[in-house]
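Thanks for coming. I have one structure to go through today, and I will keep to what can be read from the coordinates. Please have it open as I talk.

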Amino acid sequence: MQKRYFWEAFLLGLFVLLLPALNFSGHLPDYYLNLTGKYLALSIAALGMDLIWGYTGILGLGQAVFFGLGAYAMGMHLMLKASGHGVYGASIPDFMVWNRVTQLPFFWKPFQSFSLMVLLAIAVPFAAAALIGLLTFSRRVGGTYFAILTQAMAYAAWLMFNRNEMNLGGTNGLTDFKTILGFPLNNPGTVRGLYVATALALVLSFAACRWLVKSKMGLVLKAIRDRELRLEFMGYPIARYKIFIFALAGGLAGLAGALYVPQVGIITPSEIGVLPSLEVCVWVAAGGRGTLLGAILGAVGINAARSILTARFPNEWPIILGATFIGVVMFVPDGVVGLPRQLHGLWRRRAARARSELAAQAGAPVEDSHA
Amino acid sequence: MTPKAIPLLCAGLLALSPFAHALSPAVEKAAQSLARGAPERPVLQKIRDQADPEFKPLVSALQSGALYPWKGTLLLLNDSGAFTDLDGKPLLDAAGQPLAPSGLTAISVDPGDQGLLEQALHFMALSDENPGTREAAARKLGSLGDPAARPYLEKALAGERNPGVKAAILEAVAKLDLQNPDPAVRRGALDYFEAHPSDAAMSPLQTFLQKEQDPSLRRIAEFVLVRINRRLKVRNWIGYAFDGLSLSSVLLIMSIGLAITFGLMGIINMAHGEMLMLGSYAAYVLQQFFAAHFPARQDYFFFAALPLSLLAVGLIGFVLERGLLRFLYGRPLESLLVTWGIGMVLSQGARLYFGDQTSVNAPTWFRGGWEAMPGLILPYSRLFIIFLSLACLIAVYWLLYRTVIGLKVRAVMENREMASCMGISTQRVDALTFAFGTALAGLGGCALSLIGTVDPEVGKTYIVDSFMVVVTGGVGKLLGVVLASFGIGMSNKVLEPAIGGTASAVYSKVIVLVLVILFLQIRPQGIFAPKGRDTSLK
């Protein structure tokens, strides 16, 4: 156990302390820091996914929607702050001017304030997830049905966000941000600040999740994953646990979205949909389900692989991703984090088989008479 | 030769030449006066009043400015740029070579007289040999609304035998009568429309209402308009219902396979949409093959495509099951992800291999449709798909409930361990069932290629709806799948026009999703719940 904590502490230290320091001293280019910051933001969403899937056994294929809710919240705030500096110089965002919208729609107004926006970026996806959980878990809709429903929900959300009538930028999304809290977004200092904020958020979320799964609640969640029926007969209100953890994961995804957007500079409906939701799954599956650390490793690893591979093989990337899915689920079900254990188990089985073969050769002719 | 003799000589040549049979004296006379440069209007009016189809080539040429006077006669400039005389015979010189005189100016018609030409053409068309042309001319005259046409229409009516053309002429006459100053005549026209409400009457009736003062006539007109609108609505809704039925049949073919696999193995096959896509591509490949090797029998490719898509996609499904999915037995969530990965690989692979836009041309006997009601055309291709889905349904029912293999499948679905104990090879049943399910999807894809494009994304369009069908219809129950696909297909297509607007397809999809979620609130196991004590949902 101690070894695991050591690795975790090492990685966190690396992310939170070392990288920004290197950037500050000029050894690490801003571009890579920014990229890593994006990966860390996505890791927070992966953490949520691990909570619901790795620990509770709920496969939710709509996490990208909650991510998107938080991301759009931040996006709306940044757009409002950039108003007056857009191409049209109007007090409403540019795309509204194109769409001949004259007044700011009412639901944009709360996002003027930064603190309110942060609250909403977490609370809205939390509430949305809670609602979906309420409609499904309390009706005992679980397993594959739930996965299909969340996938359909992701699809429907993607369709809706693409519409111009939603006043959220349509297919082009929200972009052209200028400042956050008064700091210009392309300033290296801001990039560093955002990175540190993201890394800290990751550390805090990680600590909170770690505390949660080590608590009694964590035990219940794992029991839901392993033997739900038995737990139900023991009298636990399964639905409530599921709703809570699903809502929590939604909130985490929203937080991730809000941290992601200022580092990327754009949010479009393509980040909300069936494919991004499935990608969150691959990250957690590849990293190692039910280990929290695996979620972070998977998110960072696969996104880093994507950045490298899509530059060289843009057309083959979906095939590579699909093959990774298949390969990971079939051959490395415990992910990267579980790889040492898996290999160890394989090695032990080989050793045991070799031993029993030797024993069979040495003695026990009794078995031959049945041949 | 004296100048005066030239036209005489030409006329004489024309009369004596062995080809002098076509031009009637009247046409000749008109041609000559035009060639002489006489004022056009009286000539044109005379042509129009006579409404003799013989003048058609002359008038058409005048309209397109291809009539040239030359040496006292008229020349036509035909489409290939050669000069012919009014009969269409090419102009030849003494040696028999095409002659192309230069320095000619075409006869131009004043803009004020263009209308005469139009009228002439229409009136002439009323006595054309082809009934289709006559009908079209009658309708055109009706919609043009020129009262001068009435006598010609009546004359045409007197000699007309074809019922379709007769009806068109009567309608045209009624339309013209709506503007008659005599109220009795207008009343007569309204009576006609009351007896024959059709959409063509809508717009003249609306204009009529704008100008009419007499209240009693207005009442009749409004009444007729209401009847027409109602008929239009009924027709439109029948059209939507048909679209819904067509979509339901596609969903049915796709969902049967999905439901059986899910009911049997607990695997939700996310690659099912891609199986559909592979079926469409099978049709495409076969079409290309036939185009290259059997161009004469181009249309028959479809007969080969149906069984080929069935077999090929079924084989792929078999290989997938044996190769990958059988190791995931009992782990539905993992199989969901693995099949998604397979789907991604297949769809991107198809995109890279075939390119993004390929299409299949339906065989000629599938083009066009059946006119069930005036103005409502039900395409043959969609009728075929509906028929195909029914055939699939019957085939699946027969296979599942009337054959030994079906018995084994049902046994394994009900209690896997027990069936295995009874000696049924569950592995073989799994593989065959999965192959069958994917084969059905392939067949659906092949049929779908008739009405849509063949592209890598076609599977994704139907897969979400297909899942909804399986979730709503209940696990592995055939009747549930039928009802659910009918319900979801119809809701999609009926909600669309009800919502209206450009986003209706999107909103109707969202609403259907919400309806499914709400439906699951009342009945979480789907329409037909699995009987038994196991309350957990897969």
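The largest nonpolar core in this predicted model has 193 residues. Within that core, A46(A) and A256(A) are the residues with the most contacts. Which helix of chain A gives the most to this core? That is α9, residues 238-264, which contributes 15 residues. As general background, nonpolar side chains in soluble globular proteins tend to be buried together.

Stay with A46(A) for a moment. Leaving out residues up to four places away in sequence, A46(A) touches V280(A), W283(A) and V284(A). The list of its partners goes on with A295(A), I296(A), G298(A) and A299(A).

There is also another core, apart from the one with 193 residues, and this other core has 49. Among its members are A30(B), L75(B), F208(B) and V224(B).

Now chain A as a whole. Chain A has 371 residues, and 45% of them are buried. Its secondary structure comes to 13 helices and 4 strands. The C-alpha trace of chain A spans about 95 × 55 × 40 Å along its principal axes. If you take the contacts in chain A with a separation of 6 or more, 78% of them are between residues 24 or more positions apart.

Next, one helix pair. Two packed helices are described by the angle between their axes and the distance between the axes. For α10(A) and α12(A), the angle is about 40° and the axes are 10 Å apart. Because of that angle, α10(A) counts as oblique to α12(A). The crossing of α10(A) and α12(A) is left-handed.

Which residues meet there? From α10(A) they are V282(A), A285(A) and A286(A). From α12(A) they are L321(A), T324(A), F325(A), V328(A) and V329(A). The residues of this contact divide into 7 nonpolar, 1 polar and no charged.

Last, the interface between the chains. How many residues of chain A are in contact with chain B? The count is 34 residues of chain A, against 33 residues of chain B. On the chain A side, the elements giving two or more residues are α6 (143-161), α10 (274-287) and α12 (317-331). So that the pair just described is placed: α10 and α12 of chain A are both among these elements. The largest share, 12 residues, comes from α6(A). By type, the chain A side divides into 25 nonpolar, 5 polar and 4 charged residues.

Definitions and conventions:
Residues are numbered from 1 along each chain as its sequence is written. Chains are lettered from A and ligands numbered from 1 in the order in which they are written. This is a predicted model: local features need pLDDT of at least 70, side-chain atom pairs count only at pLDDT 80 or more; totals for chains, interfaces and linings use all residues. Two residues are in contact if their C-beta atoms, placed from the backbone, lie within 7 Å. Ala, Val, Leu, Ile, Met, Phe, Trp, Tyr, Cys and Pro count as nonpolar, Asp, Glu, Lys and Arg as charged, and the others, Gly among them, as polar. A nonpolar core is a set of buried Ala, Val, Leu, Ile, Met, Phe, Trp, Tyr and Cys residues joined through C-beta atoms within 7 Å. A residue is buried if 20 or more other C-beta atoms lie within 10 Å of its own, exposed if 12 or fewer, and partly exposed in between; C-beta atoms are placed from the backbone. Axes are lines fitted to C-alpha atoms, for helices over the stretch in contact, and angles run from 0 to 180 degrees between N-to-C directions. Angles under 35 degrees count as roughly parallel, over 145 as roughly antiparallel, 65 to 115 as roughly perpendicular and the rest as oblique. A crossing is left-handed if the near helix is turned anticlockwise from the far one by less than a right angle, and right-handed if clockwise.
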